[in-house]
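Biologist: Please put the model in front of us, and then let us work through it slowly with questions and answers.

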Amino acid sequence: GVQTCALPIFDPACDEYYYGLGGEGFLLFWDGKDDFYAEKVYPGSLHYISGVYGHRLINTGDTVLAVA
């Protein structure tokens, strides 16, 4: 089932990387204004997250969406 989280948190001093471990879904990015986009998350995918973007994981599969 689809799972979503609360509003994004922004920290311009904190860049992150997410590595897909299991499940499938999307990583949603939002700049707090007009710019937003999503990247597909799956086992083996690697995602850079700039601290200027709020972000959330969205599970679109039937199993747990896991990242490290």
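Biologist: Over how many bridges do β1 and β4 pair?

Modeller: Strands are DSSP runs of E of at least two residues, helices are runs of H or I of at least four, and both are numbered from the N terminus; two strands pair if DSSP finds at least two bridges between them. In this predicted model, β1 takes in residues 16-22 and β4 residues 46-49. One bridge partner to look for is Ile 49 in β4, which belongs to Glu 16. The two strands run in the antiparallel sense, and the bridges of their pairing come to 4.

Biologist: At what pLDDT do side-chain atom pairs count?

Modeller: Residues are numbered from 1 along each chain as its sequence is written, and side-chain values use heavy atoms, with hydrogens and water left out. Because this is a predicted model, local features need pLDDT of at least 70, totals for chains, interfaces and linings use all residues, and side-chain atom pairs count only at pLDDT 80 or more.

Biologist: Which strands are the edge strands of the open sheet?

Modeller: The open sheet is formed by 3 strands in the order β4-β1-β6, with antiparallel pairing. An edge strand pairs on one side only, and that holds for β4 and β6.

Biologist: Which residue in β6 is the bridge partner of Gly 22?

Modeller: β1 and β6 run antiparallel and are joined by 2 bridges. If you look in β6 for the bridge partner of Gly 22, you arrive at Ala 66.

Biologist: Which residues make the uncovered face of β4?

Modeller: In a regular strand, the side chains alternate between the two faces of the sheet. In β4, His 47 and Ile 49 belong to the covered face, whereas the uncovered face is made of Leu 46 and Tyr 48.

Biologist: Which strand gives the most to the nonpolar patch?

Modeller: Patches are built from residues with over 30% relative accessible area and no salt bridge, joining like charges within 9 Å and nonpolar side chains (Val, Leu, Ile, Met, Phe, Trp, Tyr) within 5 Å; a salt bridge is a side-chain nitrogen of Lys or Arg within 4 Å of a carboxyl oxygen of Asp or Glu. Accessible areas come from the Shrake-Rupley method with a 1.4 Å probe, and for residues only the protein chains shown count as cover. Here Tyr 17, Tyr 19, Leu 21, Leu 46 and Tyr 48 make a nonpolar surface patch of about 570 Å². Both β1 and β4 supply at least two of its residues, but the most, 3 residues, come from β1.

Biologist: Why does Tyr 17 count as exposed?

Modeller: Buried means under 20% relative accessible area, exposed means over 50%, and partly exposed lies in between (1.4 Å probe, protein chains only). Tyr 17 lies in strand β1, and this residue is exposed because its relative accessible area is 55%.

Biologist: Is Tyr 18 buried or exposed, and which side chain does its polar contact of 3.4 Å reach?

Modeller: Tyr 18 also lies in strand β1, yet its relative accessibility is 17%, so it counts as buried. Contact means heavy atoms within 4.5 Å, and beyond four places in sequence Tyr 18 touches several residues, including Leu 27, Ser 45 and Leu 57. A polar contact is a pair of N or O atoms within 3.5 Å; within protein, one must be able to donate a hydrogen and the other to accept it, and residues adjacent in sequence count only if both atoms are side-chain atoms. By that test, the side chain of Tyr 18 has a polar contact of 3.4 Å with that of His 55.

Biologist: Which residue in β6 stands opposite Gly 20?

Modeller: The candidate lies in strand β6, and its relative accessible area of 25% makes it partly exposed. Among the residues it touches are Tyr 19, Gly 20 and Val 41. The residue opposite Gly 20 is Val 67.

Biologist: Which backbone oxygen does the side chain of Asn 59 reach?

Modeller: Asn 59 lies in strand β5, residues 54-59, and counts as buried because its relative accessibility is 5%. Its side chain reaches the backbone nitrogen of Gly 61 at 2.9 Å. The backbone oxygen that this side chain reaches, also at 2.9 Å, is that of Thr 63.
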